[in-house]
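Subject: the structure I promised you

Hi,

Here is the structure for you to open in your viewer. Have a look around it, and then read my notes below.

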Amino acid sequence: MFKRLAEAERQAVDAPVRITVDGLDVACRAGDSVAAALFASGRDACRDTVVNEVPRGPYCMMGVCYDCLVTIDGRPNRQACMTQVEQGMNVERQHGAREVR
Ligand code: FES
């Protein structure tokens, strides 16, 4: 559904930042948001709703809708659209309700 523009794809290939998403290696462009990296790697869902477990994915890409929540480096409920990728980051899809800590 989503794909990078040619220049952005070249930048991702030339200077990749490597992250893992659900245990799989994903090459990203420096400065990408986690949500952009998820889209560019072919993923359109990053969590399931708490009530009926319907898949949800980034929608507004500006920090308003909270449909992009993921677990990053073990911390749940991080907004993928508001978080820049970092080398070695571990991103996991969220399933159901999170524990209150
Ligand atoms: S996509 Fe809406 S808050 Fe992240």
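Arginine 56 and aspartate 67 meet through their side chains in a salt bridge, with N and O 2.8 Å apart. Arginine 56 sits in strand S4 (residues 55-56), while aspartate 67 belongs to the loop between S4 and strand S5 (69-72), so this contact ties together parts that are eleven residues apart in sequence. The two partners are not equally open to the outside: arginine 56 is partly exposed at 32% relative accessibility, whereas aspartate 67 has 10% and counts as buried. There is also a third player here, since Arg47, Arg56 and Asp67 are linked in a network of salt bridges.

Before you go further, keep in mind that this is a predicted model. The average pLDDT over the chain is 89, and 95% of the residues score at least 70. Which element has the lowest mean pLDDT, and which the highest? Helix H1 (residues 6-14) is at the bottom with 78, and S7 is at the top with 96.

Back to the salt bridges. How many does the structure hold? There are six, and two others are worth a click.

One is the pair of arginine 93 and aspartate 48, whose closest N and O atoms are 2.6 Å apart. Arginine 93 lies in the segment after strand S7 (90-92) and aspartate 48 in strand S3 (residues 47-48), so the pair ties together parts that are 45 residues apart in sequence. Arginine 93 is partly exposed, at 27% relative accessibility. Aspartate 48 comes in at 11%, which means buried, as the cut-off for that is under 20%.

The other joins aspartate 32 to arginine 29, at 3.3 Å from N to O. Is aspartate 32 buried or exposed? With 2% relative accessibility, aspartate 32 counts as buried. Arginine 29 has a relative accessible area of 26%, so arginine 29 is partly exposed.

Now for the sheet. Five strands make it up, in the order S2-S1-S7-S5-S6; the sheet is open and its pairing is mixed. At the edges you'll find strand S2 (24-29) and strand S6 (75-79), each of which pairs on one side only. If you turn the model, look for the twist, which averages 40° from one strand to the next.

Let's walk through some of the pairings:

- S1 (residues 16-21) and S2 run antiparallel and are joined by six bridges. Threonine 20 has aspartate 25 in S2 as its bridge partner.
- S5 and S7 also pair in the antiparallel sense, over two bridges. Here isoleucine 72 stands opposite valine 91 in S7.
- S5 and S6 run antiparallel too, with three bridges between them. Isoleucine 72 turns up again, with arginine 75 in S6 as its bridge partner.

S5 is a nice strand for seeing how side chains point in opposite ways. Leu69 and Thr71 go one way, Val70 and Ile72 go the other way, and all of them are buried. Try showing just those four side chains and the pattern should be easy to follow.

Last topic: backbone angles. Most residues other than glycine have a negative phi. That makes the next few residues worth a look.

- Aspartate 73 takes a positive phi near 50° in the hairpin of S5 and S6, which has two residues between the strands.
- Asparagine 77 has a positive phi of about 60°, although it is not a glycine. Asparagine 77 is part of strand S6, and its relative accessibility of 41% makes it partly exposed.
- Glutamate 53 also has a positive phi, near 60°. Where is glutamate 53 found? Its place is the loop between S3 and S4. Glutamate 53 is exposed, with a relative accessible area of 57%.

If you want one place to begin, go back to the network of Arg47, Arg56 and Asp67. After that, follow isoleucine 72 from its partner arginine 75 in S6 across to valine 91 in S7.

Happy browsing!

Notes. Residues numbered from 1 in each chain as written. Predicted model: local features only at pLDDT ≥ 70, side-chain atom pairs only at ≥ 80, totals over all residues. Heavy atoms only, no water. Salt bridge = Lys/Arg side-chain N within 4 Å of Asp/Glu carboxyl O. Buried < 20%, exposed > 50% of the residue type's maximum accessible area, 1.4 Å probe, protein only. Pairing = 2+ DSSP bridges. Axes fitted to C-alpha atoms, helices over the stretch in contact; angles between N-to-C directions. pLDDT = per-residue confidence, 0-100.
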